[in-house]
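Work through these short exercises with the model open. Try each task before reading its solution.

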Amino acid sequence: AVGALGKTCSADVSAVLASCNEGVGLGISTLTACKTTAIAAFSACRDESNAAMATKKYGKSYADMSADDKTDLNAAITKAAGNEAVEKGKTCRSAAGSSAVEKKKCLQEEKDTYFAAKGKSKEVLDAAEIKEMEKEFRFAKEDRAEADLAEVETLCNTDVLSELKKCLGTAGADANAAKTCESTADTAFVACEVKGKQAYADATGDVLDPVQYKAKKERAAAKDMASTRDTCNTDAFKLTGTDKANKIRACNNDAMAKLKKTMGIKDYDETKTAGKEQALAFETKYKTMVTNQAKKKVSDLLKNTAKDAKAKAKTCKDAANDQTKKDKCKADDATLKTSRKKGVKDALKNSLGKDVTDVEVEKFIFEGAAVQVEEAMDGCMGDIDTSFAAGSQDRKDAMKVCDDEAMATFKEARMYDGFEEAALDTEIAALETE
């Protein structure tokens, strides 16, 4: 609903801007005046969306929300905008049929829908802002596609596992009957994967090969598991003593069970050596997923607060005309980073289900940056693979853009958004000239 609100408001502003631009040729308006008016109007659209979401999600005005609430709100609005874009893409590709030309146009329509739902427009953004929004769009679209995949697979596999349990109960000690039950379940799991692939294709327009799908499925399952675990652990840390410990243990067990359902994994017969080994391998994989998702959550949190931090640092530096003011800017920047790290520490506690040290926070910030860069490159290169011919100059140019986006993502995830950013750019430039 919020994404639709932003889209409707933005469409109204775009119509007014188009009319204003037409007036330029008639001498009754200027491009500068039109753009200035549109920027203010798009800002009002964002304010309207923020106010609506603040009331719906938090029961308070946007002005009364905490900084953490605003970060959470921005993530919710981004998700809503991603949903709007995906639905637009589905409708567009359905109408396009088999036409490759029309399907390519659908990608642009998705982007335009996303921009509008966020209360923004390419007509009033500069090149850097457009590039940042397009990167944000890819992340939002991929998140929605993977969520759809996980939901379809979980529901389908849950039914398969339920039927398998009934079948094995009926088979009893009959080994041949039990083998038939297992074989039937394996076939059904394959059918679930077909449904999952279709859900992903519907959301993105991309058809995955088996290797690609396996990677997407694992990532989607890990995200879904982590979300279940985080929500549960948040409630657990409201408790104390034995109640808290028992709740955290239950959260862990529920998350493991959810992961098995999404991945389509049967229960292991731990009375046998092979079953014990399989159970141990799964538990190891689960722990790795928990850790990796914690890293991603850290980098996502820092990315979502990077824009505001960079803006504050720039405003302060631009106004600093003596060393005393420059020193104060650095001190303010350090204070903000301390606050952001506290947010990271709280997030990690819920992700890992335990209290964390400051050393662990630094470690996760460092390692989370690598996770964020990998995802940025994965999404960006995916668009290149489907849009540009191998070896073409357009492809090379697009890959350079991907490299630039990956570096920007790395800076955000490492909190190089104030004074360190300029120092890092200088260091990189020096290395490139050697």
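**Exercise 1.** Does H9 pass H10 in a left-handed or a right-handed crossing?

*Solution.* Keep in mind that this is a predicted model.
- Step 1: The crossing of H9 and H10 is right-handed.
- Step 2: Take the angle. Helix H9 (residues 273-319) packs against helix H10 (residues 323-352) at about 160°. Their axes lie 10 Å apart.
- Step 3: Angles over 145 degrees count as roughly antiparallel, so H9 is roughly antiparallel to H10.
- Step 4: Sort the contact residues of H9 with H10: 16 are nonpolar, three polar and six charged.

**Exercise 2.** Find what the disulfide of Cys92 and Cys106 ties together.

*Solution.* The structure holds five disulfides; this pair is one of them.
- Step 1: The sulfur atoms of Cys92 and Cys106 are 2.1 Å apart.
- Step 2: Cys92 lies in helix H3 (residues 67-96) and Cys106 in helix H4 (residues 100-117), so the link joins parts 14 residues apart in sequence.
- Step 3: The torsion about the S-S bond is -85°, a left-handed link.
- Step 4: Buried means under 20% relative accessible area. Cys92, at 13%, is buried. Cys106, at 0%, is buried too.

**Exercise 3.** Decide whether Cys167 and Cys181 are buried or partly exposed.

*Solution.*
- Step 1: A disulfide joins Cys167 to Cys181, S to S 1.9 Å.
- Step 2: Cys167 lies in helix H5 and Cys181 in helix H6, so the pair ties together parts 14 residues apart in sequence.
- Step 3: Cys167 has a relative accessible area of 30%, so Cys167 is partly exposed.
- Step 4: Cys181, at 4%, counts as buried.

Definitions and conventions
Residues numbered from 1 in each chain as written. Predicted model: local features only at pLDDT ≥ 70, side-chain atom pairs only at ≥ 80, totals over all residues. Heavy atoms only, no water. Axes fitted to C-alpha atoms, helices over the stretch in contact; angles between N-to-C directions. Helix = DSSP H or I, 4+ residues; strand = E, 2+ residues; numbered from the N terminus. Parallel < 35°, antiparallel > 145°, perpendicular 65-115°, else oblique. Left-handed = near helix turned anticlockwise from the far one by under 90°. Nonpolar A, V, L, I, M, F, W, Y, C, P; charged D, E, K, R; others polar. Disulfide = S-S within 2.5 Å. Buried < 20%, exposed > 50% of the residue type's maximum accessible area, 1.4 Å probe, protein only.
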